[in-house]
Amino acid sequence: MDYILSKDLKAHLNKEVLLKGWVYNFRSSGKLFFLQFRDGYGTLQAIANKDQVPEGLKLETSCEIVGTVSKHPKKEEYELHVKEFKVIQIPKQDYPISKKDHGPEFLLDNRHLWLRSSKQWAVMRVRDTIIRAVYDFFHEQGFIKIDSPILTPNACEGTTTLFPVEYFDLGKAYLSQSGQLYLEAAVMSLGKVYDFGPVFRAEKSKTRKHLTEFWMMDAEMAFYEHKENMKVQEDMVCYIIKKVLAENKIELNILERKIEDLEKIKAPFYHIDHKKACEKLGADPSDDFGAEDELKLANSYDKPVFVEKYPAKVKAFYMKRDPQDESRVLCNDLLAPGLGEIIGGSQREDDYDKLLARIKEQNLPEKDFQWYLDLRQYGSVPHAGFGLGLERCVQWLTGIAHIRESIPFPRLINRLKP
Ligand code: 4AD
Ligand code: MG
């Protein structure tokens, strides 16, 4: 007998079907046994007679069940009346994750099992939708995917957060912090490009928003300037949200994420200059925001806000100066309500001499950046781009409190296992 998936139950109303999966929860009541059954695609309630289920049934027992599909008398839900319950394996010991509250460290130690919990299941499915939305968006917009290298000789985002690796006779290599510099080369060949892969930051920040390994999507566009860059970001975020709303209502409900709040997020997003934002916050306009100020600002809006033109001294060497105020750069962070930064982007310095001066100012090894400087030597053009942190986006859209649940196996400064 072919087995069916829980999500397709409705199509088999009143028919006898076979399902394969795990016992997620169970309770007995008189002669009846109510099983919550999960198969990877969803959950369903299966109702059995007590004598049909084995003695000593445990949570996470793997099994095959044959039964008849019926509709819940009151709800728009389908359930299974069990005819046959066949055990594949009864767990050798009690499943460590119960329905009671566990501390985060315990759950993270058991991440390999925790992934089975319905909330984690839902987060991973939303994550998958976001990844696909990013690919679909860029494909539809005529971008070409360029895979940037992970082993690199130079820093993209500052030298203080690099993971070094011994690289044969060539000395030290570093794990990539962002593929951006490579995309700037590719964009001169292909016009509009993006990458999507793991990046690494040896950041000593132990916050609810920082991982040491995360997935980043960088996009880069030739002939695009600061304003056009933000438009692409806005379009992409709206595209992602639309797809998540279309595909993940069940998951958002499990996560108790208010669907109306996401439905409200439509273009145009808000814009504010960094300087204005500092006035609003009573913060120092010549410095970067502190985490608290950033969140306060993000939370003062019901939609994402572009914060533009940060002071040059707090941003990376490659950003182009604002011609109207040389102390600032043509950049933007996109802040999401409830979370803060999800995207960082900028127009890039396209003048050889100015870029060289920045590299020298920041004491970066000039010879390692010669190839990057070359791009300003052979038909340089204005160009811009941005990077979206996948896990930040997952965290925001699912509403989970901590970024560690947004990636299958999180890497944090104090955690490398499992
Ligand atoms: O703002 P960032 O550092 O920008 C760049 O790396 C640029 N080179 C991107 C570009 O222009 N192509 O990082 C981009 C995004 C941030 O907005 C944030 O969402 C995410 O990456 N991010 C992190 N996510 C999780 N953990 C961390 N430690 C992160 N650091 C940055
Ligand atoms: Mg940033």
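**Helix crossing and the ligand 1 shell**

Helix 3 and helix 12 sit oblique to each other.

Visitor: Hi! Before we dig in, what kind of model is this, predicted or not?
Guide: It's a predicted model.

Visitor: OK. So why do helix 3 and helix 12 count as oblique?
Guide: Their axes cross at roughly 120 degrees, and an angle between 115 and 145 degrees falls outside the perpendicular and antiparallel ranges, so the pair counts as oblique.

Visitor: Which residues are in those helices, and within what distance do the axes come?
Guide: Helix 3 covers residues 118-140 and helix 12 covers residues 390-398, and their axes come within 10 Å.

Visitor: Left-handed or right-handed crossing?
Guide: The crossing of helix 3 and helix 12 is right-handed.

Visitor: Switching to ligand 1. How many residues surround it, and which are the closest?
Guide: There are 24 around ligand 1, with Glu157, Gln180, Asp218, Glu341 and Ile342 the closest.

Visitor: How do the residues of that shell divide by type?
Guide: Nine are nonpolar, seven polar and eight charged.

Visitor: What about polar atoms by the ligand's nitrogen?
Guide: Ser178 has a polar side-chain atom 2.9 Å from a nitrogen atom of ligand 1.

Visitor: And on the oxygen side, what does Arg201 do?
Guide: An N or O atom in the Arg201 side chain is 2.9 Å from an oxygen atom of ligand 1. Ile343 uses a backbone N or O atom, 3.4 Å from an oxygen atom of the ligand.

Visitor: How much of ligand 1 does the protein bury?
Guide: Ligand 1 alone exposes 630 Å², and the protein buries 94% of that.

Visitor: Which elements give two or more residues to the shell?
Guide: Strand 11 (213-222), strand 17 (340-347) and strand 18 (383-389).

How values were computed: Residues are numbered from 1 along each chain as its sequence is written. Chains are lettered from A and ligands numbered from 1 in the order in which they are written. This is a predicted model: local features need pLDDT of at least 70, side-chain atom pairs count only at pLDDT 80 or more; totals for chains, interfaces and linings use all residues. Side-chain values use heavy atoms; hydrogens and water are left out. A residue is near a molecule or strand if one of its heavy atoms lies within 4 Å of it. A polar contact is a pair of N or O atoms within 3.5 Å; within protein, one must be able to donate a hydrogen and the other to accept it, and residues adjacent in sequence count only if both atoms are side-chain atoms. Accessible areas come from the Shrake-Rupley method with a 1.4 Å probe; for residues, only the protein chains shown count as cover. Helices (H or I, at least four residues) and strands (E, at least two) are DSSP runs, numbered from the N terminus. Ala, Val, Leu, Ile, Met, Phe, Trp, Tyr, Cys and Pro count as nonpolar, Asp, Glu, Lys and Arg as charged, and the others, Gly among them, as polar. Axes are lines fitted to C-alpha atoms, for helices over the stretch in contact, and angles run from 0 to 180 degrees between N-to-C directions. Angles under 35 degrees count as roughly parallel, over 145 as roughly antiparallel, 65 to 115 as roughly perpendicular and the rest as oblique. A crossing is left-handed if the near helix is turned anticlockwise from the far one by less than a right angle, and right-handed if clockwise.
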